[in-house]
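The exercises below are meant to be worked with the sequence and the coordinates side by side. Each task is followed by a solution that proceeds step by step.

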Amino acid sequence: MACLNGGRTRDEHAAVPLTPAELAVDAVAVRRAGAFAVHLHARDNRGDQTMAPAACDAAVEAIRAAAPGLPIGLTTSSEVDPDPFARAAAVRAWRNPPDFVSVKLSELGWAGIVRAALHAGIAVEAGLTTPEDAEELARSPFAHQVVRSLVEVAGGVGDARAIAERIPGEVRQLWHGFGERTWEVLPVAIAAGHEVRVGLEDVLVLPDGRTAQNNAELVAAAVALGPPTSG
C-alpha cells in the first residue's frame with residue numbers, strides 16, 4: 001500500500017501531493033510501481049488536513065477517475081480533529097466514500113468511528129501501535145469485521161512482533177514503520193507473508209539512505225524486497 005501524504009508538508013518534501021489533482025497523479029504512479037491501494041489525508045484550500053466532506057469527496061473522486069478500481073483509504077486520525085464525535089460525523093457525511101478508513105485503537109472514541117464507517121459500508125483498518133491495542137481489538141466485537149490490522153511501529157522489528165503475536169490469527173496484517181526503520185520492518189513483514197505500506201507519510205529515504213524522489217520510488221523499493229512467502 002502507498003501512503004501518499006499524511007501530515008507531511010512541502011517543506012519536508014517537495015513531492016508531497018496535497019490537491020485532488022496531485023493525489024490522482026500520484027495514485028496512478030504508485031499503482032504502476034506496484035501499490036495495491038492508496039491511503040491519504042485530504043487537505044483543505046489552505047493545505048491543512050481535513051475530514052470535511054467537500055475535500056474528502058473531491059480527493060476520492062479525482063483518484064477514482066484517474067485510477068479506476070484502485071482501493072482508496074482515508075484517515076480518521078485525531079491529528080486531523082481531536083473530537084471523535086466530529087470525526088464519526090464526518091465519516092457519515094461523506095457522499096463519495098472511500099473503500100476503507102484507518103482507525104487507531106489508541107485514540108479516544110475509536111469504537112464509535114468504526115461503527116460509523118461500517119454502517120456507511122466503508123471497510124476498516126484497525127491501527128495498532130502497542131500490544132495492548134492488539135489485545136483490545138481481540139476483545140472487541142469488531143475483531144472479525146475489520147478488513148485488516150495495521151501494525152504501526154515507530155521502533156523496529158521487535159516492537160512489530162510484540163503487536164503481531166496478539167492479533168487474532170484470522171485477521172490479515174499489514175506492517176509499516178516510520179523513518180529509516182521502515183526498511184528494517186518491511187522485509188521481515190514480507191518474509192512472514194504480510195502486506196506492507198510505504199510512502200512519504202512514513203519515510204522520506206530509500207533503503208540506501210538517499211532521499212526518495214517521490215512516492216512511486218518508495219513503492220518500487222518496497223516491491224524490490226520481494227513478494228510475501230506465505231499466507
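Contact here means heavy atoms within 4.5 Å. The model is a predicted one.

**Exercise 1. Determine where valine 147 is placed and which residues it is in contact with, leaving aside its neighbours within four places in sequence.**

Solution. Begin with the location: valine 147 is found in the loop between H5 and S6. Next, apply the contact criterion, which gives Ala123, Val124, Glu125 and Arg172 once the neighbours within four places in sequence are left aside. Then consider accessibility: valine 147 counts as partly exposed because its relative accessibility is 26%, and partly exposed lies in between the limits of under 20% for buried and over 50% for exposed. Finally, relate valine 147 to leucine 74, from which it is 73 residues apart in sequence and 14 Å apart in space, C-alpha to C-alpha.

**Exercise 2. Describe the sheet, first as a whole and then around S5 and S6, including the helices that pack there.**

Solution. Start with the strand order, which is S1-S2-S3-S4-S5-S6-S7-S8 in an open sheet of eight strands with parallel pairing. The edges are formed by strand S1 (2–3) and strand S8 (195–196), each of which pairs on one side only. Moving to S2 and S3, one finds that they run parallel and are joined by three bridges, and that leucine 40 has leucine 74 in S3 as its bridge partner. Both faces of strand S3 (residues 72–75) are covered, with Ile72 and Leu74 buried on one side and Gly73 and Thr75 buried on the other. This can be set beside a general rule: in a regular strand the side chains alternate between the two faces of the sheet.

Now turn to strand S5 (residues 123–128) and strand S6 (residues 148–152), which pair in the parallel sense over four bridges, with alanine 126 standing opposite serine 149 in S6. Helix H5 (residues 131–139) packs on the sheet and touches S5 and S6, its direction making about 140° with that of S5. Helix H4 (residues 110–119) lies across strand S4 (100–104) and S5, and runs at about 170° to S4.

**Exercise 3. Decide whether histidine 13 is buried or exposed, and identify its surroundings.**

Solution. Histidine 13 has its place in the loop between S1 and helix H1 (20–33). Its relative accessible area is 8%, so histidine 13 is buried. A polar atom of its side chain lies 3.0 Å from the backbone nitrogen of alanine 15. Not counting residues up to four places away in sequence, histidine 13 touches Leu200, Leu204, Thr211, Ala212, Gln213 and Asn214.

**Exercise 4. Explain why cysteine 3 and cysteine 56 are not bonded to each other.**

Solution. The cut-off for a disulfide is a pair of cysteine sulfur atoms within 2.5 Å. The cysteine sulfur closest to that of cysteine 3 is in cysteine 56, and because the two are 17 Å apart, they are too far for a bond. Cysteine 56 is accordingly in no disulfide, and the count comes to zero disulfides. As for accessibility, cysteine 3 is buried at 0%, and cysteine 56 is buried at 2%.

**Exercise 5. Compare the span of H1 with the expected value, and state which elements cover its buried residues.**

Solution. H1 has 14 residues and reaches 20 Å from its first C-alpha to its last, close to the expected 20 Å. Its buried residues are Leu23, Ala24, Asp26, Ala27, Val28, Val30 and Ala33, and what covers them includes S1, strand S2 (38–40), helix H2 (53–66) and helix H8 (215–223). Just after H1, glycine 34 takes a positive phi of about 125°.

Technical notes. Residues numbered from 1 in each chain as written. Predicted model: local features only at pLDDT ≥ 70, side-chain atom pairs only at ≥ 80, totals over all residues. Heavy atoms only, no water. Pairing = 2+ DSSP bridges. Helix = DSSP H or I, 4+ residues; strand = E, 2+ residues; numbered from the N terminus. Axes fitted to C-alpha atoms, helices over the stretch in contact; angles between N-to-C directions. Buried < 20%, exposed > 50% of the residue type's maximum accessible area, 1.4 Å probe, protein only. Polar contact = N/O pair within 3.5 Å; in protein donor to acceptor, adjacent residues only side chain to side chain. Expected span 1.5 Å × (residues − 1).
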